[in-house]
Amino acid sequence: MSAYRTILVGTDGSDTSFRAVDRAAQLAAATGATLLLASAFHPMPTRERLSASDRLGDLAYKVQGSTPAEDALRAARERAVAAGAKDIEELAVEGDPVDVIAKVARERAADLVVVGNRGLNSLAGRILGSVPANLSHRSPCDILIVHTTDGK
């Protein structure tokens with residue numbers, strides 16, 4: 001089995017997603033792989049965008065469009081660098097998390113996708129599906145599910 005060359009990890013800026021970033025970065029550092037940090041986002045509907053502009057004024061950009069995803073990616077990059085990853089790329093992509101991760105994995109020929117286990121054991125995860133469960137059916141490559149929660 002050859003070493004992983006391209007490792008993809010998704011992040012939404014949550015503590016659990018950052019634990020997955022940490023593990024992916026450690027693997028990338030150990031194998032010399034390129035680390036792809038991806039964050040999915042949905043554009044803010046017009047009514048919400050206008051409301052945010054009214055309430056936040058000049059700071060409205062912080063909650064609109066891809067800005068929250070880009071903020072999560074910047075924080076994830078800092079963690080990845082601290083874990084020793086060298087070749088790091090950031091991608092903010094419009095869409096649902098599972099669709100975005102599967103698409104990026106295909107387009108960038110990822111060898112490994114790293115995700116956290118959040119939602120795997122929850123009732124909502126069993127009924128609606130979770131990111132790790134849905135990715136296990138759609139990913140074009142190996143998946144590492146990192147223990148990032150206490151199983152809830």
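**View 1. Contacts and layout across the whole chain.** In this predicted model, residues 24 or more positions apart account for 73% of the contacts in the protein chain with a separation of 6 or more. The chain has 152 residues, and 43% of them are buried. Its accessible surface comes to about 8,500 Å², with carbon and sulfur atoms supplying 50% of that area. If you trace the chain, you will meet 6 helices and 5 strands. Read along the sequence, they follow the pattern β-α-β-α-α-β-α-β-α-α-β.

**View 2. The open sheet.** Here we look at how the strands sit side by side. The 5 strands form an open sheet with parallel pairing, in the order β3-β2-β1-β4-β5. At the edges are β3 (88-94) and β5, each of which pairs on one side only. From one strand to the next, the twist averages 25°.

**View 3. Strand β1 and its two neighbours.** Which strands does β1 sit between? In the order of the sheet, β1 comes between β2 and β4. Strand β1 (residues 6-10) runs parallel to β4, and 3 bridges join the two. To find this pairing on the model, start at Leu8, whose bridge partner in β4 is Val113. Toward the other neighbour, 5 bridges join β1 to β2 (residues 34-41), and these two strands run parallel as well. A handy landmark here is Ile7, whose bridge partner in β2 is Leu35.

**View 4. Strand β4, covered on both faces.** How many of the residues of β4 are buried? Strand β4 spans residues 112-116, and 5 of its 5 residues are buried. In a regular strand the side chains alternate between the two faces of the sheet. For β4, Leu112, Val114 and Gly116 are on one side, while Val113 and Val115 are on the other, and all are buried. Beside β4 lies β5 (residues 142-146), running parallel and joined to β4 by 5 bridges. One spot to look for is Val115, which has Ile145 as its bridge partner in β5.

**View 5. Helices against the sheet.** Two helices are worth a visit here. Helix α3 (residues 67-82) lies across β2 and β3, and it runs at about 160° to β3. Helix α6 (residues 131-138) packs on the sheet, where it touches β4 and β5. The direction of α6 makes about 160° with that of β4.

**View 6. Helix α4 and what covers it.** Which residues of helix α4 are buried? In α4 (residues 97-107), the buried ones are Val98, Val100, Ile101, Ala102, Val104 and Ala105. An α-helix has 3.6 residues a turn, so residues three or four places apart point the same way. The cover over the buried residues of α4 includes β1, β2, β3, β4 and α6. After α4 comes Ala109, whose phi is positive, near 55°.

**View 7. A salt bridge between Asp111 and Arg5.** The model holds 6 salt bridges, and one of them joins the side chains of Asp111 and Arg5, at 3.4 Å from N to O. This pair links distant parts of the chain: Asp111 is in the loop between α4 and β4, Arg5 is in the segment before β1, and they are 106 residues apart. Are the two partners buried or exposed? Asp111 counts as buried because its relative accessibility is 17%, under the 20% cut-off. Arg5 counts as exposed because its relative accessibility is 54%, over the 50% cut-off.

**View 8. A salt bridge between Arg108 and Glu89.** In this close-up, the closest N and O atoms of Arg108 and Glu89 are 2.4 Å apart, forming a salt bridge. Arg108 lies in the loop between α4 and β4 and Glu89 in strand β3, so the pair ties together parts that are 19 residues apart in sequence. Both partners are partly exposed, with a relative accessibility of 32% for Arg108 and 28% for Glu89.

**View 9. A salt bridge between Arg138 and Asp99.** The last view takes us from helix to helix. The side chains of Arg138 and Asp99 meet in a salt bridge at 2.7 Å, N to O. Because Arg138 lies in helix α6 and Asp99 in helix α4, the pair ties together parts that are 39 residues apart in sequence. Arg138 is partly exposed at 38% relative accessibility, and Asp99 is partly exposed too, with a relative accessible area of 36%.

Key:
Residues numbered from 1 in each chain as written. Predicted model: local features only at pLDDT ≥ 70, side-chain atom pairs only at ≥ 80, totals over all residues. Heavy atoms only, no water. Buried < 20%, exposed > 50% of the residue type's maximum accessible area, 1.4 Å probe, protein only. Helix = DSSP H or I, 4+ residues; strand = E, 2+ residues; numbered from the N terminus. Pairing = 2+ DSSP bridges. Axes fitted to C-alpha atoms, helices over the stretch in contact; angles between N-to-C directions. Contact = heavy atoms within 4.5 Å. Salt bridge = Lys/Arg side-chain N within 4 Å of Asp/Glu carboxyl O. Areas by Shrake-Rupley, 256 points an atom, 1.4 Å probe, with all protein chains shown as cover.
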